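Trainee: I would like to go through the labels used for this model and see what stands behind each one.
Mentor: Then put your questions one at a time.

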Amino acid sequence: MPKAEGSDAPATAASRSTEPKSKKTHRDTAYDSGKTSTGLWWTLFGLILITTAATRFYKLDQPDHICWDETHFGKFGGYYINRTFFFDVHPPLGKMLIGLFGYLDGYNATFAFEKPGDKYEDYPYMGMRAGCAIMGALLVPLSFLTVWEMTFSLPAATFAGVLILLDHGMLTLNRYILLDPPLLFFISASVYTTVKFHNQRHRAFSFPWWFWLSATGAMLVGSVAVKFVGVFVVFLVGFRAIADLWEILGDLSRPVSYTVKHFMARALCLIALPIVLYMGIFYIHLRVLYLSGPGDGYFSSAFQTHLEGNFLHNASTPREVAYGSLLTLKNSITGGGYLHSHMHLYPAGVGAKQQQVTTYSHKDGNNRWFIKKFNKPTPLWNSTDSIELVRNGDLIRLEHRPTRRNLHSHKEPAPVSRKHYQVTGYGENGTGDANDVWRLVIEGGAENEPLETMRHKFKLVHYLQNCVLSTTKKTLPKWGYEQQEVTCNPNLRDAAAVWNVEDNRFPRLPNVSFSAYKLNFFQRFFEAHAVMFSGNAGLKPKDGELTSRPWMWPINLRGQFFSAGEGVKIYLLGNPIIWWSNLVFMAFYLTLLVVKSIRDRRGIISSPHQKALQERALSACGWLYIGWLLHYVPFWGMGRILYFHHYFPALLFSSMMSGVVIDYLVESIPPLLPAGIRNSAYHLLVGGIVSSLIYSFYLFAPLTYGMSNGPSTEANSTMYGMRWLETWEF
């Protein structure tokens with residue numbers, strides 16, 4: 001590898017000639033100097049592409065069973081193929097792509113994807129894996145090209161590409177049916193396109209300038225539309241845009257209107273265009289998934305009227321609720337479940353040992369309740385007595401249809417929220433006691449106003465305890481089947497204590513069509529986001545589930561098993577040489593920044609060559625360091641469950657930064673040595689770094705391609721002696 005800056009090797013002479021001669025760029029200067037040939041550029045880039053393909057597709061079909069979260073995202077991809085509506089806490093684009101990969105491979109979405117370890121048998125799963133692997137493989141050339149565009153240094157670009165190429169963690173994460181490959185691809189592509197756009201700054205408003213600006217907006221949409229954490233790269237691009245506008249504003253040869261023109265162009269391509277594309281993705285998502293499925297219950301009753309096969313679709317129900325009606329009650333907060341009970345009792349030591357009452361997010365026969373007056377039995381549907389409507393302010397009882405027990409509360413603490421009261425099912429054959437009585441209060445309702453299906457939201461206030469029926473959305477332990485806690489909250493203003501009638505069955509009243517309650521696209525769009533945000537906030541670790549904290553990630557403290565059953569074992573762990581070196585090089589960058597600031601302040605002048613090296617390294621590393629901070633620091637403030645794989649977007653930036661720092665070091669150290677050995681020292685440094693990276697990749701390769709012959713403590717194990725840290729479980 002020659003010791004020099006690079007040129008824009010892939011660019012043609014014609015394309016370069018479009019730049020104003022008075023605005024000759026660093027790229028052109030490097031090209032004109034002849035320090036890097038086009039042939040060498042393409043040779044190294046081609047070698048990286050070939051090696052990337054070889055490492056990413058080797059043994060891609062192994063293990064031939066479900067690995068880790070393939071059980072979720074393979075299933076979700078299949079739902080797009082068979083048009084079944086589902087709920088996930090992430091936006092839809094990544095799952096849509098997985099479904100597309102499977103569809104192109106002939107997958108018909110009949111595999112159950114029940115649990116990790118299940119064999120794929122004869123089902124075509126390789127299309128989905130290969131599609132994800134291709135997107136993951138593109139990270140290597142994108143990293144190479146990004147650093148090239150930031151520095152125009154072929155060694156820096158090559159080191160950056162090699163660091164991504166030879167990292168086992170990045171390799172493992174991008175070989176399976178997961179959201180991480182498309183997420184990382186769109187983040188990496190967003191950074192590359194914004195750097196390409198920045199390099200068109202001397203050709204403002206030309207076709208390439210508009211193309212790369214629009215491409216940046218499109219890639220940002222992809223990032224956010226796969227996972228919401230993609231918004232961090234939006235902030236990075238936003239900071240870059242602000243810096244560019246500030247620089248343009250400082251050009252006194254241009255009027256302020258020129259800056260306004262630049263601002264409007266960026267607003268169009270980085271704000272308006274992404275909003276339109278993002279909403280378009282959701283429009284396709286909602287149009288494709290039109291059949292009722294496992295995600296219905298997370299959404300409002302009005303949302304469900306759009307889903308074919310759901311009992312609310314093209315159905316009818318009585319408008320008013322009468323005593324004797326068989327009801328399904330849904331909590332009206334975002335993502336709220338159905339009021340539910342079952343034959344199981346609260347265990348000893350958890351309040352009164354009475355029947356459990358919970359909320360449940362799926363439709364179930366145990367969600368049905370008869371509504372009756374507080375002092376009368378349930379009226380028969382074939383009765384000839386006059387119909388009596390349920391009205392605002394009435395005292396009522398709710399009788400669980402399957403078990404004939406009444407909704408009940410008393411001054412026993414709730415199972416999880418100990419300051420609330422316990423809610424149970426109590427009594428026999430509909431007969432209980434005074435603690436079964438509730439007052440129905442319609443939100444904003446007039447006195448004696450009849451309760452209406454779906455339209456009205458109401459609270460149930462306990463008659464004796466003066467508390468309100470609520471859900472805390474806290475998950476009960478296994479004895480409660482991990483359903484959500486229902487309590488009676490003494491705080492009558494609890495926002496989660498609002499309910500609506502979804503299903504109303506009473507044959508003696510005329511029905512009205514549910515089509516009157518349908519939502520438009522924008523209402524469904526905003527509700528979908530509210531449910532996703534609520535679901536993300538509610539992701540908490542389950543009993544015994546192994547999680548990790550952000551401080552563990554950069555030091556590679558603990559990995560994660562992708563496949564831990566019999567046969568081939570896969571373990572997600574970063575290449576320790578790369579990960580630990582990234583921390584060292586990051587510290588070196590910060591030190592270099594401080595030292596240069598002090599030298600500049602003291603007026604100490606560096607040689608032109610050293611000054612150019614420092615400016616190039618500090619400029620590129622500065623933006624990459626901001627990218628690393630934006631993709632890492634926010635996780636420290638997140639209350640949701642976190643996993644090791646959440647660090648990998650930040651890893652992209654730290655590895656590219658390491659490539660730039662390595663280039664700076666190998667350019668800076670040899671000139672300090674005697675002239676006769678400088679060239680040899682340079683090549684020795686480069687060769688030593690590349691060789692150590694390749695050897696470390698070889699040593700830990702079984703983590704990615706499959707470990708066998710027992711744990712690493714056994715002499716015949718493929719990983720014998722490689723457990724450098726006790727926290728590595730393999």
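**Burial, salt bridges and one helix**

Mentor: E149 counts as buried, at 4% relative accessibility. The model is predicted, so local features need pLDDT of at least 70 and side-chain atom pairs count only at pLDDT 80 or more, while totals for chains, interfaces and linings use all residues. Residues are numbered from 1 along each chain as its sequence is written, and side-chain values use heavy atoms, with hydrogens and water left out.

Trainee: Why is E149 called buried?

Mentor: Buried means under 20% relative accessible area, exposed over 50%, and partly exposed in between, with a 1.4 Å probe and protein chains only. E149 has 4%, so the label is buried.

Trainee: What makes K196 and E149 a salt bridge?

Mentor: The term requires a side-chain nitrogen of Lys or Arg within 4 Å of a carboxyl oxygen of Asp or Glu. The closest N and O atoms of K196 and E149 are 3.4 Å apart, so the pair qualifies. K196 lies in helix α10 (residues 180-198) and E149 in helix α7 (residues 139-151), so the bridge ties together parts 47 residues apart in sequence. Helices here are DSSP runs of H or I with at least four residues, numbered from the N terminus. K196 is also buried, at 12%.

Trainee: How do you know whether R129 and E70 are buried or exposed?

Mentor: Each has a relative accessible area of 0%, so both are buried. They form a salt bridge as well, with the closest N and O atoms 2.9 Å apart. R129 belongs to α6 (residues 126-137) and E70 to α4 (residues 70-82), so this pair joins parts 59 residues apart in sequence.

Trainee: Why is R455 called partly exposed?

Mentor: Its relative accessibility is 47%, so it falls in the class between buried and exposed. R455 meets E452 in a salt bridge at 2.8 Å, N to O. E452 is buried, at 13%.

Trainee: What makes the span of helix α3 close to the expected one?

Mentor: The expected span is 1.5 Å times one less than the number of residues. Helix α3 (residues 38-57) has 20 residues and reaches 29 Å from its first C-alpha to its last, against an expected 28 Å.

Trainee: How do you know where the buried residues of α3 lie around its axis?

Mentor: The buried residues are W41, L44, F45, I48, T52, T55 and R56. Judged by the directions from the helix axis to the C-beta atoms, they fall within an arc of 100°, so they line one face. The face turned away carries the exposed residues T43, L47 and I50.

Key:
Helices (H or I, at least four residues) and strands (E, at least two) are DSSP runs, numbered from the N terminus.
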